[in-house]
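Me: Could you take me through one part of this model in some depth? I'd like to know what it packs against and what goes on around it.

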Amino acid sequence: MWFARQFDGMLASYVLGAVKPTTAFFAAAYNRLCHPAGISSGVGTDSPEVEEAKPYLIPKDQIFFWDDDPENVSSARSFGLRAEVYENLEQFKRVMATGA
């Protein structure tokens with residue numbers, strides 16, 4: 001994917017062992033991308049080390065989640081992430097450039 005180099009990280013459900021729109025998906029992604037234990041060891045969401053060690057490297061509100069399914073976007077927002085429903089490339093570019 002050409003756009004992958006524009007982001008700090010990208011993950012898929014099969015990597016995380018959880019599916020959208022469950023909270024487990026967003027927790028696993030957050031732990032894998034933003035927690036020192038998750039990054040260094042590949043620790044999953046069930047590990048007590050991930051829950052106990054603080055702080056996270058990136059606050060939830062600094063993560064931007066895109067999806068074409070409003071239910072997934074709603075779940076991401078409930079988890080505390082910034083999230084938008086993907087409509088088209090123009091909208092994506094506008095939101096990424098301006099934050100609105």
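What follows is a close look at helix α5 (residues 70–79) and its surroundings.

Reply: Sure. A quick word on the ground rules: this is a predicted model, so local features need pLDDT of at least 70 and side-chain atom pairs count only at pLDDT 80 or more, while totals for chains, interfaces and linings use all residues. Residues are numbered from 1 along each chain as its sequence is written, and side-chain values use heavy atoms, with hydrogens and water left out.

First, where α5 sits. The chain has six helices and two strands (DSSP runs numbered from the N terminus: H or I over at least four residues for a helix, E over at least two for a strand). Read from the N terminus, the order is α-α-α-α-β-α-β-α, and 30% of the 100 residues are buried (under 20% relative accessible area; exposed is over 50%, partly exposed in between, with a 1.4 Å probe and protein chains only).

Now the helix itself. Asn-72, Val-73, Ser-75, Ala-76 and Phe-79 of α5 are buried. They span an arc of only 160° around the axis, which puts them on the same side of α5 (the arc is taken over the directions from the helix axis to the C-beta atoms). The general background is that an α-helix has 3.6 residues a turn, so residues three or four places apart point the same way. Over on the other side of α5, Pro-70, Glu-71 and Ser-78 are exposed.

The two ends have their own details. At the start, a side-chain oxygen of Asp-69 comes to within 2.8 Å of the backbone nitrogen of Glu-71. That is a polar contact in the sense used here: a pair of N or O atoms within 3.5 Å where, within protein, one must be able to donate a hydrogen and the other to accept it, and residues adjacent in sequence count only if both atoms are side-chain atoms. After the helix comes Gly-80, with a positive phi near 110°.

What does the buried side meet? Its residues pack against α2 (23–34), β1 (64–67) and β2 (82–85). Phe-79 is a good example: setting aside neighbours within four places in sequence, Phe-79 is in contact with Thr-23, Phe-26, Ala-27, Tyr-30 and Lys-60 (contact means heavy atoms within 4.5 Å).

Step back a little and Phe-79 turns up again in the largest nonpolar core, which has 17 residues (a core being a set of buried Ala, Val, Leu, Ile, Met, Phe, Trp, Tyr and Cys residues joined through side-chain atoms within 4.5 Å). The residues with the most contacts inside this core are Phe-25, Phe-26, Tyr-30, Phe-65, Ala-76, Phe-79 and Leu-81. Both α2 and α5 supply at least two residues of this core, and α2 gives the most, with seven.

Then there are the rings. Phe-25, Phe-26, Tyr-30, Phe-65 and Phe-79 are linked into a cluster by ring pairs; rings of Phe, Tyr and Trp (its six-membered ring) pair if their centres lie within 6.5 Å, and planes under 30 degrees apart are stacked, over 60 edge-to-face, the rest tilted. The whole structure has eight aromatic pairs. One of them, Phe-64 with Trp-66, is stacked, at 5.3 Å centre to centre and 15° between the planes. Phe-64 is partly exposed at 22% relative accessibility, whereas Trp-66 is buried at 17%.

One strand neighbour deserves its own stop. Asp-67 is in β1 and is buried, at 7% relative accessible area. Its side chain reaches the backbone nitrogen of Asp-69 at 2.8 Å, and a polar contact of 2.7 Å joins it to the side chain of Lys-20. Not counting residues up to four places away in sequence, Asp-67 touches Asn-72 and Val-73 from α5's buried set, along with Lys-20, Glu-84, Val-85 and Tyr-86.

Last, a bit further out. Gln-91 in α6 (residues 89–98) is buried too, at 7% relative accessibility. The side chain of Gln-91 reaches the backbone oxygen of Val-85 at 2.8 Å, and its contacts beyond four places in sequence are Trp-66, Glu-84, Val-85 and Tyr-86.
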